[in-house]
Amino acid sequence: MRRTTDATAIAHPNIALVKYWGKRDVARNLPAVGSISITLDTLSTTTTVAFDGALDGDQFELDGRPAPDRAGRVVRCLDLFRDRVTDAGCARVTSRNSFPTGAGLASSASGFAALVVAVDHALGTGLSRTELADLARQCSGSAARSLFGGFVELGFVAGSDRSETTTTQLLGAEDWPLAVAVAIVSAAEKPVGSTAGMQLTARTSPYYPAWVAGADRDLDDARSAIERRDFEELAAVAESSCLKMHAVALAARPGLLYWHGATVECLHRIRELRRHGVPVFFTVDAGPQVKAVCIPEALHRVTSELAQVPGVESLLCAGLGDGARVLTE
Ligand code: 2P0
């Protein structure tokens with residue numbers, strides 16, 4: 001196969017509506033539960049990978065600076081490809097996020113999705129989207145979902161005893177256009193990352209078995225709501241999944257409290273808007289930011305309400321976007 005040796009790819013973060021929290025197998029990075037997400041359009045990670053025979057080690061640069069603390073996971077991702085292409089050599093990886101890194105905005109999702117697409121193109125491995133999603137999942141669970149646009153499910157291969165995952169698109173971005181307002185409450189990096197938080201939760205939270213046991217029902221309900229474009233039903237299951245994820249994490253020892261005061265205020269504001277007939281619901285990931293998902297016609301109203309919440313520093317807006325893709329030939 002032809003090798004271009006370098007390639008650039010772009011990927012967008014995704015926001016889980018049914019949350020992934022917990023690992024079934026840490027070494028293989030197998031999630032304990034399936035998840036369903038929406039891929040965003042305006043936020044992005046752009047990654048260039050260049051294989052270079054002159055390098056004696058991989059190099060990773062994020063947002064214009066060497067990022068040695070994050071390089072380990074990047075090297076492991078490159079190694080997944082070098083297992084297949086044994087003479088690939090070392091690479092220089094340059095990545096740029098259009099949004100704050102590590103602050104609950106899914107930068108690892110867009111980051112590893114862009115990386116696997118860029119590496120696949122540079123090395124000419126020609127893997128399918130599903131295979132690329134599986135490699136991305138091994139690097140960061142949520143990254144598998146950013147390989148696809150629109151509504152995406154990361155689930156288990158039937159009959160695999162949950163030891164193999166598969167990522168599928170449920171609906172394209174244009175099939176049910178939704179909009180998302182992200183209320184930035186703090187752009188600081190979160191004190192406990194998702195991976196450590198999940199492991200602490202699994203080890204110490206008394207609610208963990210109930211969280212895992214309830215996930216399939218949420219996935220069924222969300223899938224059905226998405227198929228029927230039933231906003232109310234999707235709102236109910238997404239808010240429930242989010243609150244359950246935070247409840248199980250709060251019950252860990254020491255408890256994981258990702259929310260700030262303004263986070264909670266935003267949740268109240270969003271519920272109040274819905275009570276007044278505005279089609280909007282919330283979700284919150286492993287950070288203080290609040291994501292308000294709404295129909296596009298309601299976006300202006302939602303952002304102007306959230307902008308008034310004391311402690312909201314800024315707002316980002318997005319629609320639904322496409323999966324990770326190569327930018328240059
Ligand atoms: C999600 N999160 O479904 C959930 C909700 C955060 C809260 O997936 O350990 O960075 O790298 O597999 O993908 C963030 O987890 O975790 C995440 P790893 P990842 O979006």
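Which of the 18 residues around the ligand come nearest? The legends below begin there and then turn to the sheets, their helices and two backbone details. The model is predicted.

**View 1. The ligand and its shell of 18 residues.** Lys23, Arg73, Gly141, Ser142 and Thr195 come nearest to the ligand. By class, the shell divides into six nonpolar, seven polar and five charged residues. Helix H4 (residues 194–204) supplies three residues, the largest share of the shell.

**View 2. Side-chain polar atoms beside ligand oxygen atoms, with tyrosine 20 as one of the residues shown.** A polar side-chain atom of tyrosine 20 sits 2.7 Å from an oxygen atom of the ligand. For serine 140, an N or O atom in the side chain is 2.8 Å from a ligand oxygen. The side chain of arginine 145 also places an N or O atom 2.8 Å from an oxygen atom of the ligand. On its own, the ligand has 470 Å² of accessible area, and the protein covers 94% of that area.

**View 3. An open sheet of six strands with mixed pairing.** The strand order is E8-E7-E9-E6-E1-E16. Strand E8 (65–66) and strand E16 (325–326) stand at the edges; each has a single partner strand, so one side of each lacks a neighbour in the sheet.

**View 4. The E1 and E6 pair, with helix H2 across the sheet.** Strand E1 (residues 6–11) and strand E6 (residues 45–51) run antiparallel and pair over six bridges. One of the residues to look for is isoleucine 10, whose bridge partner in E6 is threonine 46. Helix H2 (residues 107–123) lies across E1, E6, strand E9 (91–97) and E16. The direction of H2 makes about 35 degrees with E6.

**View 5. An open sheet of four strands with antiparallel pairing.** Here the order is E2-E5-E10-E11. Strand E2 (14–18) and E11 take the edges, each with a single partner strand, so one side of each is left without a neighbour in the sheet. On average, with direction ignored, neighbouring strands of this sheet are turned by 30 degrees against each other.

**View 6. The E5 and E10 pair, with helices H3 and H5.** Strand E5 (residues 35–39) meets E10 in the antiparallel sense, over four bridges. Isoleucine 38 stands opposite phenylalanine 151 in E10. Helix H3 (residues 129–139) lies across E10 and E11 and runs at about 120 degrees to E11. Helix H5 (residues 208–227) packs on the sheet and touches E2, E5, E10 and E11. The direction of H5 makes about 35 degrees with that of E5.

**View 7. A positive phi at aspartate 161.** Aspartate 161 is not a glycine, yet its phi is positive, at about 60 degrees. The residue lies in the loop between strand E10 (151–156) and strand E11 (165–171). In the sheet order E2-E5-E10-E11, strand E11 follows E10.

**View 8. A cis peptide bond before proline 254.** The bond runs from arginine 253 to proline 254, and its omega is near -5 degrees. Proline 254 belongs to the loop between helix H6 (231–250) and helix H7 (261–275).

Notes:
Residues are numbered from 1 along each chain as its sequence is written. This is a predicted model: local features need pLDDT of at least 70, side-chain atom pairs count only at pLDDT 80 or more; totals for chains, interfaces and linings use all residues. Side-chain values use heavy atoms; hydrogens and water are left out. A residue is near a molecule or strand if one of its heavy atoms lies within 4 Å of it. A polar contact is a pair of N or O atoms within 3.5 Å; within protein, one must be able to donate a hydrogen and the other to accept it, and residues adjacent in sequence count only if both atoms are side-chain atoms. Accessible areas come from the Shrake-Rupley method with a 1.4 Å probe; for residues, only the protein chains shown count as cover. Helices (H or I, at least four residues) and strands (E, at least two) are DSSP runs, numbered from the N terminus. Ala, Val, Leu, Ile, Met, Phe, Trp, Tyr, Cys and Pro count as nonpolar, Asp, Glu, Lys and Arg as charged, and the others, Gly among them, as polar. Two strands pair if DSSP finds at least two bridges between them. Contact means heavy atoms within 4.5 Å. Axes are lines fitted to C-alpha atoms, for helices over the stretch in contact, and angles run from 0 to 180 degrees between N-to-C directions.
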